[in-house]
Amino acid sequence: MVIVHEELLTIGEVAARVGLATSAIRYYERRGLVHADGRVSGQRRYREETVRRIVFIGMLQDAGLGLDDIARVLGAATVDEWKAVARGRLAFLDAEIERLQRARGYLEGALLCRYDHPATDCRVMNYEIDRRLADTSPARTTG
């Protein structure tokens with residue numbers, strides 16, 4: 001029987017490999033997102049599996065999840081639990097994409113304007129100003 005010893009990495013090695021500060025990895029530990037897989041002379045050591053978990057945490061952060069939601073994903077007991085977090089984030093992203101597309105449209109419209117000032121002279125911007133005023137008129141906001 002051959003016993004294979006997995007190489008354990010120092011926190012500095014892990015940090016360099018994943019592009020984080022060692023303080024971020026320690027913070028993840030305090031938050032319960034990862035744990036050191038061992039210690040050598042009191043220094044933390046990590047297995048490849050933990051390195052991959054740290055990269056996964058970064059991917060979830062890139063998707064805009066906060067550490068509380070990431071903890072919910074990592075700690076999910078069922079597929080439905082982590083998928084609920086993902087669905088919630090997707091709904092937020094869809095709303096944000098819609099908002100950004102509207103903003104892009106406003107700017108594209110303003111760039112088409114050939115007048116001196118978009119707030120006063122541009123038909124495209126004035127149409128949007130009028131639409132917003134109509135949406136917030138007292139008749140619409142009182143019930």
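## Sheet

In what order do the strands of the open sheet lie, and is their pairing parallel or antiparallel? In this predicted model, the sheet comprises three strands in the order S1-S3-S2, and the pairing is antiparallel. Strands S1 (9–10) and S2 (38–40) stand at the edges with a single partner strand each, so each has one side without a neighbour in the sheet.

S1 and strand S3, the latter formed by residues 43–46, run antiparallel and are joined by two bridges. Thr 10 is placed opposite Arg 45 of S3. In general, strands of a sheet pair through backbone hydrogen bonds.

## Secondary structure

Alongside the three strands, the protein has seven helices. Read from the N terminus, the succession of elements is β-α-α-β-β-α-α-α-α-α.

## Overall dimensions

The radius of gyration of the protein is 25 Å, whereas a compact globule of 143 residues would have a value near 15 Å. The C-alpha trace extends over about 80 × 40 × 25 Å along the principal axes.

## Burial and contacts

Of the 143 residues in the protein, 20% are buried. Among contacts with a separation of 6 or more, 41% involve residues 24 or more positions apart.

## Surface and charge

The exposed area of the protein is about 10,600 Å², of which carbon and sulfur atoms supply 55%. The protein carries 22 positive and 21 negative side chains. The centres of these two sets lie 2 Å apart.

Methods:
Residues are numbered from 1 along each chain as its sequence is written. This is a predicted model: local features need pLDDT of at least 70, side-chain atom pairs count only at pLDDT 80 or more; totals for chains, interfaces and linings use all residues. Side-chain values use heavy atoms; hydrogens and water are left out. Helices (H or I, at least four residues) and strands (E, at least two) are DSSP runs, numbered from the N terminus. The radius of gyration is taken over C-alpha atoms; the globule rule is 2.2 Å times the number of residues to the power 0.38. Buried means under 20% relative accessible area, exposed over 50%, partly exposed in between (1.4 Å probe, protein chains only). Contact means heavy atoms within 4.5 Å. Accessible areas come from the Shrake-Rupley method with a 1.4 Å probe; for residues, only the protein chains shown count as cover. Lys and Arg count as positive and Asp and Glu as negative; His and the chain ends are not counted. The place of a charge is taken as NZ of Lys, CZ of Arg, CG of Asp or CD of Glu. Two strands pair if DSSP finds at least two bridges between them.
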